[in-house]
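Dear colleague,

Here is the structure I promised to hand over, with the sequence alongside. Please look through it before reading my notes.

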Amino acid sequence: MEAAMDLMRRMPPGSTETALNALLSLLPDHSLDLLSQVCMDKENNKEYILCEYNRDTDSYRSPWSNIYEPPLEDGTVPSEEMRNLEVEANEVFSVYRDQYYEGGISSVYIWEDEDESFIACFLIKKDGQGKRSYMQIGSWDAIHVIQVGPEEEGAAHYCLNSTVMLSLTTDNKQSGTFNLSGSIRRQMSMTLAVADGHLVNMGKMIEEMEGKLRNSLDQVYFGKTREMVCTLRPPPEVLNMRLPDS
């Protein structure tokens, strides 16, 4: 799976769809790792994201109702303490998603780990068209996995691993048809006081990390693409400056 993701990062944007279809046929068991799928919680009428973190056999647990779909009698569920934190995290992260992404779908899954620690997975998926007609279609998938160590002397160690996958297509008279896609990964570790609660600390880390990821994407993908396009197809004002005086 790691080799497959590395291959996807190295493929030209125009070949992403072809490469993805080929990988799905070769690795059908990893389809959820390659594609973010969404399901509807019928009890609460809310959508949630399917992933390996809420999967048990062939069923997936909803973070809203804590129920597996398809139904699973002996499915793994978090403890009462972790479930209460998970419910609060989903409510708070939904507000965060609306403010920063103006829509989309978010899901948070929390479960116990060894040595009184726990792991939390924060997911965001946003698909759609650009509001200003510049972008024909685009998608943003963010995955934040935080491992929280046991509390010691009023503090806990947090290790955050974040991945963002971006894809967009433009189609207008000025730019023509243009495809851009890629992914970026970053890690952050901090030891923080737990006086304000784990959710506050995790939220601050995710907010800071997403800001860094957006800046990196802007510099790495958009910045380099802008540089290449301007080199190959200079704007009219640049061409006029290069023309010799008559």
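The notes below go through the strand pairings, the backbone details and one charged patch on the surface.

Please keep in mind throughout that this is a predicted model, and that the remarks below describe that model as it stands.

I begin with the hairpin of β1 and β2, in which strand β1 (residues 37-41) is joined to strand β2 (residues 46-50) by five bridges, the two strands running antiparallel. Within this pairing Cys39 has Tyr48 of β2 opposite it. Four residues lie between the two strands, and in that turn Asn45 adopts a positive phi of about 55°.

The next group is an open sheet of three strands, ordered β3-β4-β5 and paired in the antiparallel sense. Because β3 (55-56) and β5 (68-69) are at the edges and each has a single partner strand, one side of each is left without a neighbour in the sheet. Strand β4, which covers residues 59-61, pairs with β5 over two bridges, again antiparallel, and here Tyr60 is placed opposite Glu69 of β5.

Two backbone details belong to this same region, and both may be worth checking by eye. In the loop between β3 and β4, Thr57 has a positive phi of about 55° although it is not a glycine; with a relative accessible area of 54%, Thr57 counts as exposed, because the cut-off for that class is over 50%. At the other end of the group, the peptide bond that leads from Glu69 to Pro70 is cis, with omega near -5°. Glu69 is thus the residue that faces Tyr60 across the β4-β5 pairing and also the one that precedes the cis bond, while Pro70 itself is placed in the loop between β5 and α4 (80-101).

Further along the chain, β8 (137-148) has pairings with both β7 and β9. With β7 (118-128) the pairing is antiparallel and extends over eleven bridges, whereas twelve bridges join β8 to β9, these strands also running antiparallel. Asp141 of β8 illustrates both contacts, since Asp141 is the bridge partner of Lys125 and also stands opposite Met165 in β9. As for the exposure of this strand, β8 is mostly covered, with nine of its twelve residues buried.

The connection from β8 to β9 (155-172) contrasts with that cover. The hairpin formed by β8 and β9 has six residues between its strands, and among them Glu153 takes a positive phi near 55°, a value found here in a residue other than glycine. Glu153 has a relative accessibility of 88% and so counts as exposed.

Finally, there is a patch of negative charge on the surface, where Asp113, Glu114, Asp115 and Glu116 gather. Asp115, one of these four residues, is found in the loop between β6 (105-112) and β7, and because its relative accessible area is 63%, Asp115 is classed as exposed.

If you have time for a few places, I would suggest looking at the cis bond from Glu69 to Pro70, the positive phi of Thr57 and that of Glu153.

With best wishes

Definitions and conventions. Residues numbered from 1 in each chain as written. Predicted model: local features only at pLDDT ≥ 70, side-chain atom pairs only at ≥ 80, totals over all residues. Heavy atoms only, no water. Patch = residues over 30% accessible without salt bridge, like charges linked within 9 Å, V, L, I, M, F, W, Y side chains within 5 Å. Areas by Shrake-Rupley, 256 points an atom, 1.4 Å probe, with all protein chains shown as cover. Salt bridge = Lys/Arg side-chain N within 4 Å of Asp/Glu carboxyl O. Lys, Arg positive; Asp, Glu negative; His and termini not counted. Charge placed at Lys NZ, Arg CZ, Asp CG, Glu CD. Buried < 20%, exposed > 50% of the residue type's maximum accessible area, 1.4 Å probe, protein only. Pairing = 2+ DSSP bridges.
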